[in-house]
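The following exercises practise the reading of a protein structure. Please attempt each task before turning to its solution.

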Amino acid sequence: RGLGGEARPLIAQHVMGGHGGLNILGQKSWNVYGQEQRAKVRRDEEEFAASNEDPDAGAVPVGASGPAPRPAGHVGELPTAHHVTLAGHEGPVLAARFSRGGSYALTCGKDRTFRLWNPFRGTLIKTYEGHAHEVRDVACAADNSRLATCGGDKQVFLWDVSTGQKIRRFRGHESAVNAVTFAAEDQVVITAGYDRSVRFFDCRSNSADPIQSVVEWSDAVTCVVTHGGGGCHVTGGGVDGSVKTLDVRAGRIHSDDLGHPVTSLAVSGDGQCLLVGMLDGRMCLLDASDGSVMSEYRGHVSATAKVDARLTLGDGHVVAGSEDGRVVFWELVDARVEVELEAHPGKVVCGLDYHPKRHAMVTSATDGTAKVWLPEGVAGTSFD
């Protein structure tokens, strides 16, 4: 399946760049564009709008504070106004994430710490220490009781949120670990590393070793996501330009070769599409079922550093960070740039996440800060 990419040896230069971001080197160019798939995306969007369903409906989770729900799909509803700055890290902030319910934000720093915040009040709740090198990614369990982190020290830790203590230390990676996520009702931690592997760890087992290791990439694996019913599909993107999906139930691996190093992955709200960011300054929207390219997006700078990209609430827009300090929004179907923010002027916007239930966004950059963004008219107001 896919475009038939070739295997390549491991690149050694996976280091912190002079700009403070994670440098990833390009390898080759590609020119594939599945324009005929756009009609499918447009139909899905029209069906979503016709359903008159409010994706923000429902009560705010316990402990959360944030703006009232707003409808999806309109430029005016996008989080383009700066709300608060989350300051405190000493050095670049490599990742910024919302908790699964959106009650909290988490940031990962080159200063070897990660931090828990109230994203709407802008208050620091807790600082966690324990990694020997930079913290590259963090994931939060659905009940907000546990966190999983990974970093440049090859370590993968499971943490108790309230006490700040490590619950487990997982081993097995031979080099820096770049991404982490929960799966299987938060009983499994999945990681992606520069040792070309994706590894699975059982949180219930007493063993610190992985229960499964997938070494199918010819270069570093930079990102990993789960999707499909019960998260039965695990997809990782690599510096070798490949996007590989493991069907856990069937025990099969499918691969698509995109030809340029993959730096980010995101899953659409309906689970049917994968947004893939690459170092050639483009992003591609793939059909998760067969890997066909549905659309591509240009306009941000992504040439040497790892920058995050997401789909907005309701899948109406694509948003990504940029190496020149901007955050760029594209319309999903037409792939035109609709909004450009000078989010972190002159710095690499390496971290970005979109709120799971309302129009809110968190970004982080090599300027040592993270910022929370809300729609115009909502940003700057106080929340109980």
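The exercises below concern a predicted model and proceed from the whole chain to single residues, salt bridges and a core.

**Exercise 1. The whole chain**

Task: State how many helices and strands the protein chain has, and what percentage of its residues are buried.

Solution.
- Step 1. The protein chain holds one helix and 28 strands.
- Step 2. Of its 384 residues, 58% are buried.
- Step 3. The surface can be described as well: the chain exposes about 14,600 Å², and 46% of this comes from carbon and sulfur atoms.
- Step 4. When contacts between residues at least 6 apart in sequence are considered, 50% of them join residues at least 24 apart.

**Exercise 2. An aspartate in a loop**

Task: Determine where Asp195 is placed, whether it is buried or exposed, and what its side chain reaches.

Solution.
- Step 1. Asp195 is located in the loop between β11 (188–193) and β12 (198–202).
- Step 2. The relative accessible area of Asp195 is 9%. Buried means under 20%, so Asp195 is classed as buried.
- Step 3. The side chain of Asp195 reaches the backbone nitrogen of Glu174 at 2.9 Å. A polar contact of 3.3 Å also joins the side chain of Asp195 to that of Arg199.
- Step 4. With neighbours within four places in sequence left aside, the residues in contact with Asp195 are Gly172, His173, Glu174, Ser175 and Val215.

**Exercise 3. A leucine in a strand**

Task: Describe the setting of Leu86, and give its distance in space from Gly368.

Solution.
- Step 1. Leu86 belongs to strand β1 (residues 81–87).
- Step 2. Its relative accessible area is 1%, so Leu86 is buried.
- Step 3. Although Leu86 and Gly368 are 282 residues apart in sequence, their C-alpha atoms are 9.2 Å apart in space.
- Step 4. Beyond the neighbours within four places in sequence, Leu86 is in contact with several residues, including Trp117, Thr369 and Val372.

**Exercise 4. Salt bridges**

Task: Give the number of salt bridges, and explain why the pair of Asp308 and Arg97 ties together separate parts of the sequence.

Solution.
- Step 1. Side chains of opposite charge can pair when their charged atoms come close.
- Step 2. The count of salt bridges comes to 17. One of them joins the side chains of Asp308 and Arg97, at 2.9 Å from N to O.
- Step 3. Asp308 lies in the loop between β21 (293–298) and β22 (309–311), whereas Arg97 lies in strand β2 (residues 93–98); the pair therefore ties together parts that are 211 residues apart in sequence. Both residues are buried.
- Step 4. A further salt bridge is formed by Glu296 and Arg282, whose closest N and O atoms are 3.5 Å apart. Glu296 is in strand β21 and Arg282 in strand β20 (residues 282–287), 14 residues apart. Glu296 and Arg282 are both buried.
- Step 5. Arg97, Asp137, Lys306 and Asp308 are joined into one network by salt bridges that share partners.

**Exercise 5. The largest nonpolar core**

Task: Identify which residues of the largest nonpolar core touch the most other members, and which elements give two or more residues to this core.

Solution.
- Step 1. This core has 15 residues, and those touching the most other members are Leu275, Met283, Leu285, Tyr297, Val318 and Trp330.
- Step 2. The elements that give two or more residues are β19 (273–278), β20, β21, β22, β23 (317–321) and β24 (326–331).
- Step 3. Leu275 serves as an example: among the residues in contact with Leu275 are Met283, Leu285, Tyr297 and Val318.

Technical notes: Residues are numbered from 1 along each chain as its sequence is written. This is a predicted model: local features need pLDDT of at least 70, side-chain atom pairs count only at pLDDT 80 or more; totals for chains, interfaces and linings use all residues. Side-chain values use heavy atoms; hydrogens and water are left out. Helices (H or I, at least four residues) and strands (E, at least two) are DSSP runs, numbered from the N terminus. Buried means under 20% relative accessible area, exposed over 50%, partly exposed in between (1.4 Å probe, protein chains only). Contact means heavy atoms within 4.5 Å. Accessible areas come from the Shrake-Rupley method with a 1.4 Å probe; for residues, only the protein chains shown count as cover. A polar contact is a pair of N or O atoms within 3.5 Å; within protein, one must be able to donate a hydrogen and the other to accept it, and residues adjacent in sequence count only if both atoms are side-chain atoms. A salt bridge is a side-chain nitrogen of Lys or Arg within 4 Å of a carboxyl oxygen of Asp or Glu. A nonpolar core is a set of buried Ala, Val, Leu, Ile, Met, Phe, Trp, Tyr and Cys residues joined through side-chain atoms within 4.5 Å.
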